[in-house]
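Visitor: I'm new to this one and would like some help reading it. Could you show me what we're looking at?

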2 protein chains.
Amino acid sequence: MKFTPDDFAKELKSKNIRLSHQRLKVLEYLSEHKCHPTVDQIYTNLLKEIPTLSKTTVYSTLGALADAGMVKAINIEDNEIRYDITVEDHGHFKCESCGAIYDFPADMAHLESEVLSGFKIRDKNVYFKGTCPMCLANKN
Amino acid sequence: MKFTPDDFAKELKSKNIRLSHQRLKVLEYLSEHKCHPTVDQIYTNLLKEIPTLSKTTVYSTLGALADAGMVKAINIEDNEIRYDITVEDHGHFKCESCGAIYDFPADMAHLESEVLSGFKIRDKNVYFKGTCPMCLANKN
DNA sequence: ATACAAAGTTGTAATGATTACAATATAATA
DNA sequence: TATTATATTGTAATCATTACAACTTTGTAT
Ligand SMILES: [Mn+2]
Ligand SMILES: [Mn+2]
Ligand SMILES: [Zn+2]
Ligand SMILES: [Zn+2]
């Protein structure tokens, strides 16, 4: 919605990242699936469109895009990295029942502590865990 | 400092967790090493005192203690779980240069969002990444 | 348009943390 | 002390991620 393939191409160029079909498709997938997919989900789904796609490419692409600040890696569980094309500060809620990850606004500025006065902060993360309304309803 | 082995024994009993030498040692190690050690660090160091220790035991022990709320698993990087005996809410700062993890006070209550009104929140996490003062100084 | 060099992609194999499981040992209880 | 449930151990399996070398594509200069 917010981005067209052309927008992605321009942004990649502006960041001196070479344009490739695979990179554009990964960006397109993330912009159309804001559910914070895993590498495997991205790979499996893109495979339908790009039968020659390699999982290594998905890893390296996401790594490059993350380095460039175009996507953000989400570490909530230790056994999976998820990716988010929304790089603006916000919190994540992971439902322990259905596994869904929800976004919520989080005021990161409020978290600043005088204890960190001498630190250079590059990245801020907030995540909660619990049960989502849908799963709470299903239990009754 | 805060806990003696006896305190741990009492707390385990109160939670109906069986008392074992290994569990007490893991708790003792965490209370004496608040640097958020990895499973492997805990294992390697306890091996000196308990030559028969198995890494599987360290995993299962930490899992049981985490389920009981006596320790907290810290997921910052995707390739390592760290453990913290401080279970009260606080934030973590990971230095990307030296790898050290620092504690800082974080007002989690402020993060509550009306978006989460129907959610049951069980666990809140805040972590930052960047460079610590020591590493910043060393760069000059 | 063509050619070249740098960078990206692919497939496969290696790595490394975590888990599964069956045999053995220990802890709690009577 | 005997019994039973649970914990520990060692080994093998799992599975996400990374390393690497051959091949392909992209960006750029001719
Ligand atoms: Mn998000
Ligand atoms: Mn801590
Ligand atoms: Zn749910
Ligand atoms: Zn540092």
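Visitor: Which residues are the protein donors of the manganese ion (ligand 2)?

Guide: Donors are N, O and S atoms within 2.8 Å of the metal (3.2 Å for Na, K and Ca), and water is not among the atoms, so sites may look incomplete. Here they are B:His36 (NE2), B:Asp84 (OD), B:His90 (NE2), B:His92 (NE2) and B:Asp103 (OD), at 2.0 to 2.2 Å from the ion. Bear in mind that this is a predicted model, where local features need pLDDT of at least 70, side-chain atom pairs count only at pLDDT 80 or more, and totals for chains, interfaces and linings use all residues. Residues are numbered from 1 along each chain as its sequence is written, chains are lettered from A and ligands numbered from 1 in the order in which they are written, and side-chain values use heavy atoms, with hydrogens and water left out.

Visitor: How are the donor residues of ligand 2 spaced in sequence?

Guide: They follow H-x47-D-x5-H-x1-H-x10-D. B:His36, in the loop between helix H2 (21-32) and helix H3 (39-46) of chain B, pairs up with B:Asp103 in strand S4 (residues 101-104), 67 residues apart. Helices (H or I, at least four residues) and strands (E, at least two) are DSSP runs, numbered from the N terminus.

Visitor: Is B:His36 buried or exposed?

Guide: Buried means under 20% relative accessible area, exposed over 50%, partly exposed in between (1.4 Å probe, protein chains only). B:His36 is buried because its relative accessibility is 1%, while B:Asp103, at 33%, is partly exposed.

Visitor: What coordinates the manganese ion (ligand 1)?

Guide: A:His36 (NE2), A:Asp84 (OD), A:His90 (NE2), A:His92 (NE2) and A:Asp103 (OD) do, at 2.0 to 2.2 Å. A:Asp84 is buried, at 2%.
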